[in-house]
Amino acid sequence: IIVEGKLLKGKSGAAGEMHFPIDSCKKRKCTCGIDDCFEIYASGTALNLYAKEYMSENATGYDIIEQKSTNPKARKAFDEWQGKLLQGLIMLGNIFDPEMIVLSGSLSKFIEYERLNKQANEQILTQPFVLKEAKFENNAGMIGVAMLYFDKNL
């Protein structure tokens, strides 16, 4: 989370973690220990869980991505995953009233940005924001940390 050009760190350096509970009846345990955490429903790990739930025990998130246009089960899994991501975007939009939300990670290139941006902005209470994919995809966080390090140490 960037505020006035600076990374929001919080009092202990952990600000911006997406480990907050969302409403769900599945009771999935996240790696952080919280049940039904946003992370366990809208991450790459989550997409793998949806693949196993909707397709087969051997299916992965990449199977969903590859088959979502031809396999109704894959499409349903993808839509549920993206729906949970939408819930998080709406929450973040309402809490932070951002100009932009940038998504990164290995699966960020598969998100239907135009659709999610439209749906989120129709449901938020604040002013519209722009939803974008991080330019450096899965490396965005690493590059950001390196830039902060060099900025402080040069």
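This report describes salt bridges and positive phi angles in a predicted model.

**Salt bridges**

The salt bridges in the model number nine. Three pairs that involve the segment from lysine 27 to aspartate 36 are set out below.

| Basic residue | Acidic residue | Closest N to O distance |
|---|---|---|
| Lysine 27 | Aspartate 36 | 3.7 Å |
| Arginine 28 | Glutamate 53 | 3.2 Å |
| Lysine 29 | Aspartate 35 | 3.3 Å |

In the pair formed by lysine 27 and aspartate 36, the N and O atoms come to 3.7 Å of one another. Lysine 27 has a relative accessible area of 58%, and it is classed as exposed because that value lies over 50%. Aspartate 36, by contrast, is buried, with a relative accessible area of 3%.

Arginine 28 bridges to glutamate 53 at a closest N to O separation of 3.2 Å. This contact joins distant parts of the chain, the two residues being 25 residues apart. Arginine 28 belongs to the loop between strand E2 (6–7) and helix H1 (38–42), whereas glutamate 53 is in helix H2 (residues 44–54). With a relative accessible area of 10%, arginine 28 is buried because the value falls under 20%. Glutamate 53 is partly exposed at 40% relative accessibility.

The salt bridge between lysine 29 and aspartate 35 has an N to O distance of 3.3 Å. Lysine 29 is exposed, its relative accessible area being 53%. Aspartate 35 reaches 34% relative accessibility and is therefore assigned to the partly exposed class, which lies between 20% and 50%.

Elsewhere, salt bridges connect five residues into a network: Lys68, Arg75, Asp79, Glu112 and Arg115.

**Positive phi angles**

Most residues other than glycine have a negative phi. Aspartate 36, described above as a salt-bridge partner of lysine 27, has a positive phi near 55°. This residue is located in the loop between E2 and H1. Aspartate 36 thus combines a positive phi with a buried position at 3% relative accessible area.

Aspartate 97 also has a positive phi, of about 45°, although it is not a glycine. The loop that holds aspartate 97 runs between helix H4 (72–96) and strand E3 (100–103). At 42% relative accessibility, aspartate 97 is partly exposed, whereas aspartate 36 is buried.

Conventions
Residues numbered from 1 in each chain as written. Predicted model: local features only at pLDDT ≥ 70, side-chain atom pairs only at ≥ 80, totals over all residues. Heavy atoms only, no water. Salt bridge = Lys/Arg side-chain N within 4 Å of Asp/Glu carboxyl O. Buried < 20%, exposed > 50% of the residue type's maximum accessible area, 1.4 Å probe, protein only. Helix = DSSP H or I, 4+ residues; strand = E, 2+ residues; numbered from the N terminus.
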